[in-house]
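User: I have a two-chain model open and would like to understand the labels people attach to it. Could you take me through the reasoning, label by label?

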Amino acid sequence: MSAPSVNAPSQRMPRWVFAPLALFLGMVAFLAVGLTRNPQEIPSPLIGRPAPAFQLPVVGGPGVFNAAQFKGQVTLVNLWATWCAGCKDEHPILMALSLQPGLQMLGINYKELQASELSGQDPQSAEALQKATARSQAWLQKNGQPFGVNLLDMDGRVGMDFGVYGLPETYLVDRAGVVRFKHAGALTPEVVQHQLLPLLRSLP
Amino acid sequence: MWPEVGHMALIMAAWVAVLQAVLPLWGSLSARRAGWQALARPLAVLQLVLIVLAFGALWHAFFVHDFSVKYVAHHSNTLLPTPYRLSAIWAGHEGSLLLWVLMLALWSVAVATFSRRLPQALVAQVLGVMGAVSVGFLTFILTLSNPFARQFPAPSEGRDLTPLLQDPGLVIHPPMLYMGYVGLSVAFAFAMAALLSGRLDAAWARWARPWTVAAWGFLTLGIALGSWWAYYELGWGGWWFWDPVENASLMPWLVATALIHSLMVTDKRDQFKAWTVLLAIGAFSLSLLGTFLVRSGVLTSVHAFATDPGRGVFILLFLVVVVGVSLTLFAWRAPQWAHASQPVAGSRESFLLLNSVLLVVAMAAVLLGTLYPLIIDALNLGKLSVGPPYFDRVFVPLMVPLLLAMVPGTVVPWHVARWAAVRSVLVPGALALLAASAWATWGAAPQDAGAVTTAGGWLTVMGGTLGGWIVLSGAWQIVQRLRLPGSPGLAWWGMQVAHLGVAVLVLGITGVKSFQVERDVRLGLGDSVTVAGVRYQLIGVDNHLGPNYLALRAQMKVFEGEPGNEREVGTLRPEKRRYVSSAMPMTEAAIDRNLWRDRYVSLGEPLAGEPPQWSFRVYHKPYVSWIWLGAVFMVLGGGLAALDRRYRQAASSARAPSAHADKGAGVSALRGAAPAALGSAGVAKGAVA
């Protein structure tokens, strides 16, 4: 040892030696709290506001759905697409929710045909609509049909009004047409048990 | 059967790691069991063999498309080309961790092999600590992240590798980055050995240096590869996004950079001891923190890995154990090392102290920016994100004095201030200032209407001067040195090359930030756009079928020269790919590179309407390659330095720490370098003023 001081290390500890440890433990406290939070959970500005107004064609049926039809019953709005992997994961949950009495299930098939498939074609053209309808119906036939009404949002404008930034996304709209709940990403049994169902029960 | 073999091998590796962590350390601390120290090397080798077996088993599963292995089914597909099938092993969480422990085992065996001249107790302690780290990670893999988990019935087809990762850059980026992350565990293990034994002298620093420099080189390479990949794959033309995961790799890099410089002071001057140990702990802790941030999902990032709260809890506990134990040991030992004198202002030590402080403050700024959203959320103050403006504003002012100190720091002698030495490099500095001013004035590309450009200004002059000064004074130093007899040694050359790399990097960043031209346009067939005096004409857009994707591919002819006197110089083919299995759209930018500029075109969305049009983003990016070229020089410099013979000299011949004059300098024994550096930047500035 070259050190000129041969002090026993335990003689007197200056306070600064604990600074790194203290800083680190402080950071760990924040990290621990951070673990209990979900960064993906971004409060939607829509909550507490009326659902956006829109009008979209109903898949496989005549006519259109008008956002005014939200009024009078509680509606679960699910934005999905056949190309979305998370949508398949949450599908059994939607199937179970569709058995819930007094809940209208509304599917919005968001941008079923993606830009690269359209290659410049108008997404509202008859041909594109037909292709999207066929694909949407085939997928629901195979995996189960939870939706009372399923709509096609070909150009994604309605999704945009809802503020969607990734599929799937789920909204709960109350009898007055006001958005009460939003969940981004696939629904999980926990979200349904702890958030959605209690909220549903509390709604008049 | 192979997946089960791999699983068994991992379980055995975990037990071997336990033995490696316990027996040699015990042997080194107890005279009666001294013989156990000799077990360190064979156990490290055995652990490597077992982990290689596990890794090979998982590779085999990928190769033969064994979709009954869940991990394979999630990250591979029968259409996936073979090279990507093999690199898919580190595409997900479980495989990445397996790669982590493989790297750790490789580093352990490297230490075991190249440490013949080190004292046996030191080797036993270093390998023991590395074994302990390995125990933690292997436990994590076996309990919460098993890559060999089966699923029945096996799906007939896998989900495929994320298209983002189907790229040659991404095949080698993670292994290099992990080599760096994990390599820092060697420096950490050396620090722990010093804390356990209380032995920390110049010889210790000299043994630790090549390992640290090697790990730093891999980390540099890994970060550079990631940045290069983001540049051409994300289609935004950017090369650094201050994404939490990028920050997670930058933070250990900054501290490792401080560490390699601080180790030099400990080696040559027997000073900064406590500080060096703290940096070694810090660099590896930040690697672990990076792992936590990426794997636990506490932050949102483009590198979204599937997250699982149980995993986050495990890594956080592991972090607490590793860092908590090491910092507690540090608090116990450090007072004993904090006796060294304060460096003389203007001496090389004082510049290196400034280097350390600035780098650590820069790391703290990045850490704060990265964790700020989490802190705000934890305090229930809302949700927010911290973007590039914060980082640019904080980081650049810290880097300027760092770069400014680089040149004088390399020319002044140890221990004394000699301003004559600094004066001698003022001429290169003046030349650099002149050249940078000329660059800022005339360096811009021809302007054209509608282009977004950032013209050169005082930032160009500043960046150009700093980079130019380092290059010119480096050249001047080399010329001076070659006139002297004798060889300066590889470490010296390594320093010069690495510093040149820093300068090239700074010049590249300055050039591209100052003179880049960007245009967003919509083009129909036959339409043109002129960017920086070059005309791009859209010739056609067609569908193109890849091995596992469909692509929309545009063809653009590039013309140079004045209108009327143009010549065609090439064709660019940007693509928009849609992978069959995931339907995820991917941008494949087309880039025409040379040393002086990149021409970068990315294809956006097809636009509705008649005639059809597409959106394009066209960039003229001058000097952008210099960013990665600079990184290559830094890596080369690190490689040269790590190979210096001086580091491999026998332990016994370690020069007795020179009886330098500062022993009697009359500085209070307890006010050492470390507290000064820890205290505040103000102290450090005082030391250099």
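User: Which hand does the crossing of helix 15 of chain B and helix 16 of chain B have?

Analyst: Happy to help, and please keep in mind that this is a predicted model. Helix 15 of chain B passes helix 16 of chain B in a right-handed crossing.

User: Why are helix 15 of chain B and helix 16 of chain B called oblique to each other?

Analyst: Start with the angle: the axes of helix 15 (residues 426-442) and helix 16 (residues 458-483) of chain B cross at roughly 140 degrees and come within 7 Å. Roughly antiparallel needs an angle over 145, and roughly perpendicular covers 65 to 115. The crossing fits neither class, so helix 15 of chain B and helix 16 of chain B are oblique to each other.

User: Which residues make that contact between helix 15 of chain B and helix 16 of chain B?

Analyst: From helix 15 of chain B, the contact includes B:Pro428, B:Leu431, B:Ala436 and B:Trp439. Helix 16 of chain B contributes, among them, B:Val461, B:Gly464, B:Trp469 and B:Trp476. By class, the residues of this contact divide into 11 nonpolar, 7 polar and no charged.

User: What makes helix 7 of chain B and helix 8 of chain B roughly antiparallel?

Analyst: Helix 7 (residues 168-197) and helix 8 (residues 202-233) of chain B pack at an angle of about 155 degrees, with their axes 7 Å apart. The cut-off for roughly antiparallel is an angle over 145, so helix 7 of chain B and helix 8 of chain B earn that name. Their crossing is left-handed. The contact between helix 7 of chain B and helix 8 of chain B has 25 nonpolar, 7 polar and no charged residues.

User: Why does A:Leu200 count as buried?

Analyst: A:Leu200 has 15% relative accessibility, and buried means under 20%, so A:Leu200 counts as buried. A:Leu200 lies in helix 6 (residues 189-202) of chain A. Leaving aside neighbours within four places in sequence, A:Leu200 is in contact with A:Val74, A:Gln100, A:Leu103 and A:Leu172.

User: How do you know that B:Asp270 is buried and B:His65 is partly exposed?

Analyst: The relative accessible area of B:Asp270 is 10%, which is under the 20% cut-off, so B:Asp270 is buried. For B:His65 the relative accessible area is 22%. Partly exposed runs between the buried limit of 20% and the exposed limit of 50%, so B:His65 is partly exposed.

User: What is the phi of B:His65, and what is the phi of B:Asp270?

Analyst: B:His65 has a phi near 55 degrees, a positive value in a residue other than glycine. B:Asp270, also not a glycine, has a positive phi of about 60 degrees. Most residues other than glycine have a negative phi, so positive values are worth pointing out. As for location, B:His65 lies in the loop between helix 2 (40-63) and helix 3 (70-75) of chain B. B:Asp270 is found in the loop between helix 9 (244-269) and helix 10 (273-296) of chain B.

User: Which residues of chain B are joined by a cis peptide bond, and what is its omega?

Analyst: The cis peptide bond joins B:Phe152 and B:Pro153, with omega about -5 degrees. Most peptide bonds are trans. B:Pro153 is found in the loop between helix 6 (120-144) and helix 7 of chain B.

User: What makes B:Gly35 exposed?

Analyst: B:Gly35 has 56% relative accessibility, and exposed means over 50%, so B:Gly35 counts as exposed. B:Gly35 is found in the loop between helix 1 (2-29) and helix 2 of chain B. The C-alpha atoms of B:Gly35 and B:Pro24 are separated by 8.4 Å, with the two residues 11 apart along the chain.

User: How many helices and strands does each chain have, and what share of its residues is buried?

Analyst: Chain B comes to 20 helices and 11 strands, and 60% of its 689 residues count as buried. Chain A has 6 helices and 7 strands, and buried residues make up 49% of its 204 residues.

Definitions and conventions
Residues numbered from 1 in each chain as written. Chains lettered and ligands numbered in written order. Predicted model: local features only at pLDDT ≥ 70, side-chain atom pairs only at ≥ 80, totals over all residues. Heavy atoms only, no water. Axes fitted to C-alpha atoms, helices over the stretch in contact; angles between N-to-C directions. Helix = DSSP H or I, 4+ residues; strand = E, 2+ residues; numbered from the N terminus. Parallel < 35°, antiparallel > 145°, perpendicular 65-115°, else oblique. Left-handed = near helix turned anticlockwise from the far one by under 90°. Contact = heavy atoms within 4.5 Å. Nonpolar A, V, L, I, M, F, W, Y, C, P; charged D, E, K, R; others polar. Buried < 20%, exposed > 50% of the residue type's maximum accessible area, 1.4 Å probe, protein only.
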